[in-house]
Amino acid sequence: MKKKMTKKARIEAVWGLCMIAPTIIGLLVLNYYPICETVYQSFCKTGDFGKGNEFIGVTNFVNLFQDAEVFSTLFNAAKYTVFSLPATVFLSLVLAVLMNRKMIGRSAYRTIFFLPMVCAPAAVAMVWKWMFNQDYGLLNHMIGAKINWVTDPKVAMIAIVIVGVWGALGNNMILLLGGLQDIPKDYYEAAAVDGSTGVHSFFHITIPLLSPMLFFIIQTGVMGSLNLFDLPFMIMDKTSRAWPSVKTISYLFYEYAFEQSNRGYGAAIVMFLIAIIGVLTVVLQKTEKMWVHYD
Amino acid sequence: MNWKAKKNLTSGVIHIFLILGSLCMLIPFVWMILTAFKTKTESISVNPFYIFPAHGWHVENFVEVWNSYNFALLYKNTLIMIALRVLCACLTATMAGYAFARLKFPFKRVFFALILIQMMVPGQIYIIPQYLIISKLHMMNTQFALVFPGIVTAYGTYLCKQGYQSLPISLEEAAELDGCSIGRRFLSIMLPLTRSSLVSLGIFTALFAYKDLMWPMIVCPRTESTTLTAALAKLQGQFVSNYPQIMAGAVLAVIPMLILYLIFQKQFVEGIATSGGKL
């Protein structure tokens, strides 16, 4: 197995190792050590200041499975995913298809739809909170209603979803537009010769060829919405009665780990969330074979 | 209807649809800017419903928020944080990317597996220990703390590796025959050719650093040491219902990135497209 290296190969190996060293050392310190630490901590009770961790086995996880709040916040995150993801994918697909033609103002539209992506989510949330204001908000004025967007537990999640979709459209539109532009024109021409145009071509050419990109968007979308933190955190008041219906599991983690300094339990929540994301990823990968086409 | 009229009609309908969509995207921004120039009473006077500030454009909101929140310092913190993160990420990723794409060295596959695994693990798992490292180093509320998690990037390394792999190998072989060392080859031939993936990585890193909320909130809770994004979260609590001032703060926070975006929008969009909107 072991071969004697030539001088040239040895120099190359030294160069290679030196060049990856910063990244690998960084990953070990910043990522791999933390992974181990979090796993370990999830089995610990955090001691008081400087006392260190106390190993308590699976107690955190036992508590977690009996904690109604864990499941209600997880349910909120799931609700957000179920409402926002189909809307985002559908709307961004429509936008991308419409914009996938040479026309006046295409880059202007692209610029506008992408705008929310370059804004701090905190600023976006603040603006929307103002738009949602029950008495003075622009939204109620425009639709002539008196909806308690952010204080009514029934509509609060819809408010969050609106902002989420509004903010994510541009990003997904750009990705889909890139995918659309990679589809060779001949496919459509060949299909047209066979008498297939419009809707038929869309479902038989566009969607299959775009499916890897759609899959990517769905997959990252699921992960992103399960990790949702900033929008509810910024838009809602923690004292509002609507807060329990929008509080996400990612926020619950933040609350335990950093506000209540119960890092062991926080770590256990993270482990639980990651397990769920892992399972969902596997499920998605399984369904991938059914509808995603790579050629 | 002849063919041309039909085509015009279709494109007209598409334009109407896109214009309506664009309005939905723009209205919150317009409303943010307009509110920022209003007085507090004006912002909550519903009848008549003012769109434009009726009693002159009030710049005081900006001045007050700028001073009481020390925006100069926030800008500086954010700028330094972004610059350092971009620099670190690009530097480490391009070197490692080149090595993974072109050089042979022991345990290459093992090291590359480390990169791939990191890309698959959700970010929250790192936060508590990273925070503990910062607090053990007594680095809370410092610039170092802000930059810390972004020193290396697995995804960026992957992106750079792809960039280097797409270059023809003959380029390097020619240089090698001319007696060019690996370092020279990397610095003067290969690196300049992967500029575009580096620009993508840079823009992406900058955008994510700018938008990150949880990390700066945790490691830099003091307003004067934190970033724009995290400071905004606090500002909201402070000026409870003074919406013109809150909006002025929001305008101040989004303006720099917005200007950058309008100047470099092509690069921004390409950055998102090449990196798949993920880091």
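In this predicted model, the backbone oxygen of B:Leu18 lies 2.7 Å from a polar atom in the side chain of B:Ser22. B:Ser22 belongs to helix 1 of chain B, which covers residues 3-36. Because its relative accessible area is 5%, under the 20% cut-off, B:Ser22 counts as buried. Leaving out residues up to four places away in sequence, B:Ser22 touches A:Tyr109, A:Ile112 and A:Phe113, and these contacts lead on to the interface between the two chains.

**The interface between chain A and chain B**

Across the interface, 82 residues of chain A are in contact with 91 residues of chain B. The size of an interface is often given as the accessible area lost when the parts come together. Here the area buried between chain A and chain B is about 8,100 Å², and carbon and sulfur atoms give 79% of that area. In chain A, the residues that lose the most area to chain B are A:Met19, A:Leu30 and A:Trp130, which together make up 10% of what that side buries.

Between chain A and chain B there is 1 salt bridge: A:Lys8 pairs with B:Glu176, and their closest N and O atoms are 3.2 Å apart. There are also 16 residue pairs in polar contact between the chains, counting pairs in which both residues have pLDDT 80 or more. Helix 1 of chain A (residues 7-41) gives the largest share of the side of chain A that touches chain B, namely 24 residues. Sorted by class, that side of chain A has 58 nonpolar, 15 polar and 9 charged residues.

**The nonpolar core**

The largest nonpolar core has 186 residues, and those with the most contacts inside it are A:Ile160, A:Ile235, A:Phe253, A:Phe258, B:Leu18 and B:Met247. Helix 7 of chain A (residues 153-181) supplies the largest share of this core, with 15 residues. Apart from neighbours within four places in sequence, A:Ile235 is in contact with A:Ala125, A:Trp128, A:Lys129, A:Val150, A:Ile160 and A:Val163.

**Two loop residues with positive phi**

Most residues other than glycine have a negative phi. The table sets out two residues, not glycines, whose phi is positive.

| Residue | Phi | Loop | Relative accessibility |
|---|---|---|---|
| A:Ser261 | about 55° | between helix 12 (249-259) and helix 13 (263-291) of chain A | 38% |
| B:Asn141 | near 60° | between helix 6 (124-136) and helix 7 (143-147) of chain B | 17% |

Is each of these residues buried or partly exposed? A:Ser261 counts as partly exposed because its relative accessibility is 38%, whereas B:Asn141 counts as buried because its relative accessibility is 17%.

Conventions: Residues numbered from 1 in each chain as written. Chains lettered and ligands numbered in written order. Predicted model: local features only at pLDDT ≥ 70, side-chain atom pairs only at ≥ 80, totals over all residues. Heavy atoms only, no water. Contact = heavy atoms within 4.5 Å. Buried area = accessible area lost by both parts, 1.4 Å probe. Salt bridge = Lys/Arg side-chain N within 4 Å of Asp/Glu carboxyl O. Polar contact = N/O pair within 3.5 Å; in protein donor to acceptor, adjacent residues only side chain to side chain. Helix = DSSP H or I, 4+ residues; strand = E, 2+ residues; numbered from the N terminus. Nonpolar A, V, L, I, M, F, W, Y, C, P; charged D, E, K, R; others polar. Core = buried A, V, L, I, M, F, W, Y, C linked by side-chain atoms within 4.5 Å. Buried < 20%, exposed > 50% of the residue type's maximum accessible area, 1.4 Å probe, protein only.
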